[in-house]
Amino acid sequence: MAKSSGPPPIVFILLFLFLAGGGAFFFLNKPAAPDASNSPAPAPAGGNAPAPAPAPAGGGASPVAASSFALPASVAAGTAVKIDGSTSMVTINLNLKNGFQTKFSGTTVDTKANGSANGIKDLVAGTADIAAISQPLKPEDQAKGLAAVPVALDTIAIVVGANNPFTGGLTSAQVQDIFKGTAQDWSKVGGPAGPIKVINRPEVSGTHQTFKEQVLSGANFATGANVTTLDRDATTPLLQALSNNGIGYATFAQVVNQKTVRVVPVNGATPDAANYPYQRQLYYAYKNPPSQAVKDFLGYATSPDGQKAMLAGN
């Protein structure tokens, strides 16, 4: 019998086992394909962690688009929405009211401005449908079933009377010194000698709370003979109380066109500059789940149409 000239069968067996083992190793150790179900979900537009938004520009708040609510194609006639809250959002509320009522005939929007805290109280009590607030919702508010959607970015302006002899600017440290009571004379911050009169907003004011956290780093406001705290959260009485030696704070949109006051630059920047230090988010809070009227209004407010209406007159 003639001998086979090819390799013995054992060689083929070993080659097969080597290839099979290598293929199994590659399959078991190749990188896994991305799993869409495990990918991080985009952050919601509502709530208290809104996506970054453009800095305020011009004389008012910058709009902040949100996608939590859709612009309604139509709104039922007779739809009524009640808004209460921050005095800083008076102009925003009015502009959105006019735009909503014009776009959807037969609807009514009632707006009040009794301060952020009172707006939250009215929302919880059911006497308001939406609370306009100039600070994020607190955990205790969220525990009551409240949620919020970002509406605009705003800046807090430092203001003095138009006839105040102090005509310079302040550093953020000097602003702290004035409102914490460390500096009680204008000469301490580069002005002519004379007592500083601090005009403060009441604690119910969202602007008061934001100023305390953002400007004073959580420290308490000064108290004493040189400090006047208003009984209610209103900008007009604050501006009237400034006189020739007072200093106070207000949302920039409410003072930019005032002739009786002067906005003080901080760290060399005015509130319409991108590097101005005192910027904040403004929100609309609502009770979850929202009513159809609230869905309709917030859908309009956060739509391109609403964002344009918000800036009307700026």
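Where is Pro 289 found? Pro 289 sits in the loop between β10 and α9, and there is something to see right there: a cis peptide bond joins Asn 288 and Pro 289, with omega at about 5 degrees. Keep in mind as you look around that this is a predicted model. As background, most residues other than glycine have a negative phi, and most peptide bonds are trans.

## The whole protein

Let's step back for a moment. The protein has ten helices and ten strands. Of its 314 residues, 43% are buried. The accessible surface comes to about 15,800 Å², and carbon and sulfur atoms own 57% of that. Now take the contacts with a separation of 6 or more: residues 24 or more positions apart account for 79% of them.

## Strand β10 and its partners

Back to the strand that comes before the cis bond. β10 (279-287) is mostly covered, with seven of its nine residues buried. β10 pairs with β5 in the antiparallel sense over nine bridges. β4 runs antiparallel to β10 as well, and four bridges join these two. You can pick out individual partners too: Ile 130 is bridged to Tyr 286 in β10, while Asp 154 stands opposite Arg 280.

That arginine deserves a stop. Is Arg 280 buried or exposed? Arg 280 has a relative accessible area of 4%, so it counts as buried. Its side chain makes a polar contact of 2.7 Å with the side chain of Ser 88, and another of 3.1 Å with the side chain of Thr 207. Leaving aside neighbours within four places in sequence, Arg 280 is in contact with a whole list of residues, including Ser 134, Ala 152, Asp 154, Thr 210, Gln 214 and Thr 251.

## Two nonpolar cores

Here's a general idea to carry along: in soluble globular proteins, nonpolar side chains tend to be buried together. In this model, the largest nonpolar core has 27 residues, and among those with the most contacts inside it are Ile 83, Ile 130, Tyr 284 and Phe 297. Several elements each supply at least two residues of this core, among them β2 (80-85), α2 (90-103), β4 (130-133), β10 and α9 (292-301). Which element gives the largest share of this core? That is α9, with six residues.

Phe 297 makes a good place to zoom in. Setting aside its neighbours within four places in sequence, Phe 297 is in contact with Val 81, Ile 83, Leu 96, Phe 100, Val 109, Ile 130 and Tyr 284. There is also a second, separate core of 26 residues, which includes Ile 178, Ile 247, Ala 269 and Tyr 276.

## Helix α5

Ile 178 leads us to helix α5 (residues 172-180), whose buried residues are Val 175, Ile 178 and Phe 179. Looking down the axis of α5, these buried residues fall within an arc of 85 degrees, so they line one face of the helix. What covers them includes β5 (146-161), β6 (197-200), α6 (206-214) and β8 (246-251). Just after α5 comes Gly 181, which takes a positive phi of about 90 degrees.

## Some loop residues

Gly 181 is a glycine with a positive phi, but you can also find positive values in residues other than glycine, at Ser 243 and at Asn 267. Here are those two in a table.

| Residue | Phi | Loop | Relative accessibility |
|---|---|---|---|
| Ser 243 | near 55 degrees | between α7 (235-241) and β8 | 42%, partly exposed |
| Asn 267 | near 55 degrees | between β9 (261-264) and β10 | 44%, partly exposed |

Another loop residue to look at is Thr 302, which is placed between α9 and α10. Why does Thr 302 count as buried? Its relative accessibility is 4%, and buried means under 20%. A polar atom of the Thr 302 side chain lies 2.7 Å from the backbone oxygen of Leu 298. Leu 298 itself is one of the residues with the most contacts inside the largest nonpolar core.

How values were computed:
Residues are numbered from 1 along each chain as its sequence is written. This is a predicted model: local features need pLDDT of at least 70, side-chain atom pairs count only at pLDDT 80 or more; totals for chains, interfaces and linings use all residues. Side-chain values use heavy atoms; hydrogens and water are left out. Buried means under 20% relative accessible area, exposed over 50%, partly exposed in between (1.4 Å probe, protein chains only). The arc is that of the directions from the helix axis to the C-beta atoms. Contact means heavy atoms within 4.5 Å. A nonpolar core is a set of buried Ala, Val, Leu, Ile, Met, Phe, Trp, Tyr and Cys residues joined through side-chain atoms within 4.5 Å. A polar contact is a pair of N or O atoms within 3.5 Å; within protein, one must be able to donate a hydrogen and the other to accept it, and residues adjacent in sequence count only if both atoms are side-chain atoms. Accessible areas come from the Shrake-Rupley method with a 1.4 Å probe; for residues, only the protein chains shown count as cover. Two strands pair if DSSP finds at least two bridges between them.
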